[in-house]
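User: I have a model open and want to go through some of its helix packing and local geometry. Can you take my questions in turn?

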Amino acid sequence: MQALHIAVVGAGPGGLVCARILQRHGCSVTVFERDASAGARRQGGTLDIHSTTGQKALDEAGVLDRFHALARPEGETWRALDPFTAEVLTVDEPADGVSHRPEIDRGQLRDLLLESLTPGTVRWGRAVTGALPQGDGTCRLLFEDGSAEDFDLVVGADGAWSRVRPAVSDAVPRYTGVTFVGNGFDDADRRHAAMARMVGNGSLSARAGSQGLFAQRSSGGRIDTAAMFRAPEDWHAAAGLDLADTAAVRRHLLGMYDGWHDDLLYLLRHGEEEFVNRPLYALPVAHHWDHVPGVTLLGDAAHLMPPLGVGANLALRDGADLALALVREPTPGQAVRAYESIMLPRAAKAAAGCAQGLNDILPPVPAAAP
C-alpha cells in the first residue's frame, strides 16, 4: 500500500492498539487526544480481556506477554450474594482452572500500549471538534484551537460522544434507563477488612428487582463499588439532590436499598469518595452506516453498548482488524470496506446480547396499571 497519512482520534485501548499494529508494519500514524497528558485523569476500573478477542488483538500488537505480566487471573472470580441475607449464592470461576478472561486495570492497559508506541505518536491536548470528508477520499480534522489538518484516513476512536461519528452517522447515544452511582475504598484500611474479604479477589454483585450493588477489586489495593438501578436520567434532580453533597446522596441511596443486608449496605455507608453519577447510554443495537471514504469508527464511537465485559474487547479487536486490513489491502478504501463488513455485523450481535443482558440483570420496572 502507498504511504498513508493516518489519524486516530482518541487514545483509548482500541485506538492505541490500532496505532501500535500500524507502526509494527511500518505505517505512519498520529494519535490525537484531548487529555493534556497520560496522567491527566484516572482511567476507571478494571477490564476483563478475553482470550478470543481482546487478547488476540494484543498478540497482534506484540504486547501479549506484557499484558499477562500485569493481568490478574484471580480477578476473574465473581460472587453473587443474596441481597437480604448476604449469603453467597454462586461463585463463577474458570471450570478448568485456567483463566480465559483475566482482569487488568484500564490505566495499566493504556500505559502498556502507550509505551509500545514510537515516542511522539500521541499528540496530547489536541481536542478534535469534527471531521469533514473532502470528497476526494481524504478527511479533514478540525481542532478546538481553530486549526485543521487533512488525512488519507481518520479513525474515530473517541468514545461514546465521538466528534468523528457525525461524519458517517447521525446516531447519538440514548439513555438505557439504568444508572450506576460509584464510589470506592482503599482495602489497606483495616476498617474495611470484613468488606474486603467479602469482595474477595474479584467481583461481587447482589440484585433484587431493578436494583443491584456491585464491588470489584482492582490492583493497588482499591475496591470500586456501584449502586445500579433503573430510574429516570434526572433521578437526582427529581429527588432534590446535589450530587456533590455526599452525605445527602448516601442517605438517599440507603433509603432506596432499605431492607438489604447490612454487610452489603456497607458499600453505600462507608465509601471514601464523592459519589459519581454514571447514567448508562447506548447506540442503536444495529448501528451502521454507508461507507464514507476517508473516515471510519471503532470501539464505543461505533457501537456503544452497556458495560457487560464486551466493549473493551470489541474495541481492541476493531483496532487490530482495521490496522491489519490497512496493511493487507491495496487501497485505504478497500481496507475500510473490508473492516466495516466484519465489524458492523459483529457489533450488532454483541450489542443485542448486551441489551438483553442488561434487561436480565436489572429488569425494567413494570408500567403502572392505568
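**Helix packing and two local sites**

Analyst: In this predicted model, Pro13, Leu16, Val17 and Arg20 of H1 touch Leu109, Arg110, Leu113, Leu114 and Ser116 of H4. By class, that contact holds six nonpolar residues, one polar and two charged.

User: Which description fits H1 and H4, roughly parallel or roughly antiparallel?

Analyst: The axes of H1 and H4 (residues 106–116) lie 9 Å apart, at an angle of about 25°. Angles under 35 degrees count as roughly parallel. H1 and H4 are therefore roughly parallel.

User: What is the handedness of the crossing where H1 passes H4, left-handed or right-handed?

Analyst: The angle in this pair is about 25°. The sense of the crossing is a separate matter. H1 passes H4 in a crossing that is left-handed.

User: How do the axes of H1 and H10 run, roughly parallel or oblique?

Analyst: H1 (residues 13–24) and H10 (residues 311–328) have axes that come within 7 Å and cross at roughly 30°. That angle makes H1 and H10 roughly parallel.

User: And when H1 passes H10, is the crossing left-handed or right-handed?

Analyst: Take the H1 side of the contact: Pro13, Gly14, Val17, Cys18, Ile21 and Leu22. Their partners in H10 include Ala315, Gly319, Ala323 and Leu326. H1 passes H10 in a crossing that is right-handed.

User: How many charged residues are in the contact of H1 with H10?

Analyst: Leu316, Ala320, Leu322 and Leu324 are among the H10 residues that meet H1. The contact counts 12 nonpolar and two polar residues. The number of charged residues is none.

User: Is asparagine 313 buried or exposed?

Analyst: Asparagine 313 sits in helix H10. Its relative accessibility is 3%. The limit for buried is under 20%, so asparagine 313 counts as buried.

User: Which residue's backbone oxygen does the side chain of asparagine 313 reach?

Analyst: Beyond its neighbours within four places in sequence, asparagine 313 is in contact with Asp48, Ile49, His50, Thr53 and Gly54. The side chain of asparagine 313 comes to 2.8 Å from a backbone oxygen. That oxygen belongs to aspartate 48.

User: Which residue other than glycine has a positive phi, near 65°?

Analyst: Most residues other than glycine have a negative phi. The residue here lies in the loop between strand S4 (78–81) and strand S5 (88–92). Its relative accessible area is 16%, which means it is buried. The residue with phi near 65° is alanine 86.

Technical notes. Residues are numbered from 1 along each chain as its sequence is written. This is a predicted model: local features need pLDDT of at least 70, side-chain atom pairs count only at pLDDT 80 or more; totals for chains, interfaces and linings use all residues. Side-chain values use heavy atoms; hydrogens and water are left out. Axes are lines fitted to C-alpha atoms, for helices over the stretch in contact, and angles run from 0 to 180 degrees between N-to-C directions. Helices (H or I, at least four residues) and strands (E, at least two) are DSSP runs, numbered from the N terminus. Angles under 35 degrees count as roughly parallel, over 145 as roughly antiparallel, 65 to 115 as roughly perpendicular and the rest as oblique. A crossing is left-handed if the near helix is turned anticlockwise from the far one by less than a right angle, and right-handed if clockwise. Contact means heavy atoms within 4.5 Å. Ala, Val, Leu, Ile, Met, Phe, Trp, Tyr, Cys and Pro count as nonpolar, Asp, Glu, Lys and Arg as charged, and the others, Gly among them, as polar. Buried means under 20% relative accessible area, exposed over 50%, partly exposed in between (1.4 Å probe, protein chains only). A polar contact is a pair of N or O atoms within 3.5 Å; within protein, one must be able to donate a hydrogen and the other to accept it, and residues adjacent in sequence count only if both atoms are side-chain atoms.
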